[in-house]
Amino acid sequence: MHAPDAPATWADYHARRRLFWASLWLGPWLALAVGALWLVERHGVHGLLWPLLAWLALVAWAGARWQASRCPRCGHRFFPARPFLLALRAPRCAHCALPKD
């Protein structure tokens, strides 16, 4: 497999990383706001369940998307597939050892 265009790959990597961190930090506030403004009045405390579950699904999706990033040097997945989300802590590419930052 030949290496993809490096600047585009790094840009994609950073966009995926920003999406993950934004969903992780801003998601609970948005979920609580949506729940508090509309759903708690109708369903009580259980009205917070659906927005928080949607937030968890968003974080899992964004993390899996980030974890599937391709390495600019070798073109393989930058992070190992397992363990889920914990592999994001890897400091370098799982195949060619290119540092991530």
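# Reading a predicted model: core, burial and backbone

Guide: In this predicted model, the largest nonpolar core has 16 residues, and the ones with the most contacts inside it are Phe20, Trp66, Cys71, Phe78, Phe79, Cys93 and Leu98. Two elements, α1 and α2, each give two or more residues to this core, and the largest share, 4 residues, comes from α2.

Visitor: Why look for nonpolar side chains in a group at all?

Guide: In soluble globular proteins, nonpolar side chains tend to be buried together. In this structure, a good residue to follow is Leu98, which is among those with the most contacts inside the largest nonpolar core.

Visitor: Is leucine 98 buried or exposed, and where does it lie?

Guide: The general step is to compare the relative accessibility with the cut-off for burial, which is under 20%. Leucine 98 has a relative accessibility of 14%, and therefore it counts as buried. Its place is in the segment after α2, the helix that spans residues 49-67.

Visitor: Which residues is leucine 98 in contact with, once its neighbours within four places in sequence are left aside?

Guide: Leaving those neighbours aside lets us see what the fold itself brings to a residue, and for leucine 98 the list is Trp10, Cys71, Pro72, Arg73, Phe78, Pro91, Arg92 and Cys93. One of these partners, cysteine 71, is 27 residues apart from leucine 98 in sequence, yet the two C-alpha atoms are 7.9 Å apart in space.

Visitor: Serine 23 has a polar side chain atom; how is that residue placed, and is it buried or exposed?

Guide: Serine 23 lies in helix α1, which covers residues 6-43. With 5% relative accessibility, under the 20% cut-off, serine 23 counts as buried, and so we may ask what its side chain lies beside. A polar atom of that side chain is 2.8 Å from the backbone oxygen of phenylalanine 20. Not counting residues up to four places away in sequence, serine 23 also touches Pro28, Trp55, Leu58, Val59 and Ala62.

Visitor: How should I read a residue that is neither buried nor exposed, such as alanine 68?

Guide: Between the two cut-offs of 20% and 50% a residue is called partly exposed. Alanine 68, in the segment after α2, has 27% relative accessibility and therefore counts as partly exposed. When residues up to four places away in sequence are not counted, alanine 68 touches Arg16 and Arg77. Alanine 68 and alanine 81 are 13 residues apart in sequence, while their C-alpha atoms are 7.7 Å apart in space.

Visitor: Turning to the backbone, which residues other than glycine have a positive phi?

Guide: Here one reads the sign of the phi angle together with the residue type, and two cases can be pointed out. Leucine 85 has a phi near 65 degrees, a positive value in a residue other than glycine, and alanine 97 has a positive phi of about 65 degrees although it is not a glycine. Leucine 85 lies in the segment after α2, and alanine 97 is placed in that segment as well. Leucine 85 counts as partly exposed because its relative accessibility is 24%, and alanine 97, with a relative accessible area of 39%, is also partly exposed.

Visitor: What is the omega angle of the peptide bond from arginine 82 to proline 83?

Guide: Omega describes the peptide bond itself, and for the bond from arginine 82 to proline 83 omega is near 0 degrees, so the bond is read as cis. Proline 83, too, is found in the segment after α2.

Key. Residues numbered from 1 in each chain as written. Predicted model: local features only at pLDDT ≥ 70, side-chain atom pairs only at ≥ 80, totals over all residues. Heavy atoms only, no water. Buried < 20%, exposed > 50% of the residue type's maximum accessible area, 1.4 Å probe, protein only. Polar contact = N/O pair within 3.5 Å; in protein donor to acceptor, adjacent residues only side chain to side chain. Contact = heavy atoms within 4.5 Å. Core = buried A, V, L, I, M, F, W, Y, C linked by side-chain atoms within 4.5 Å.
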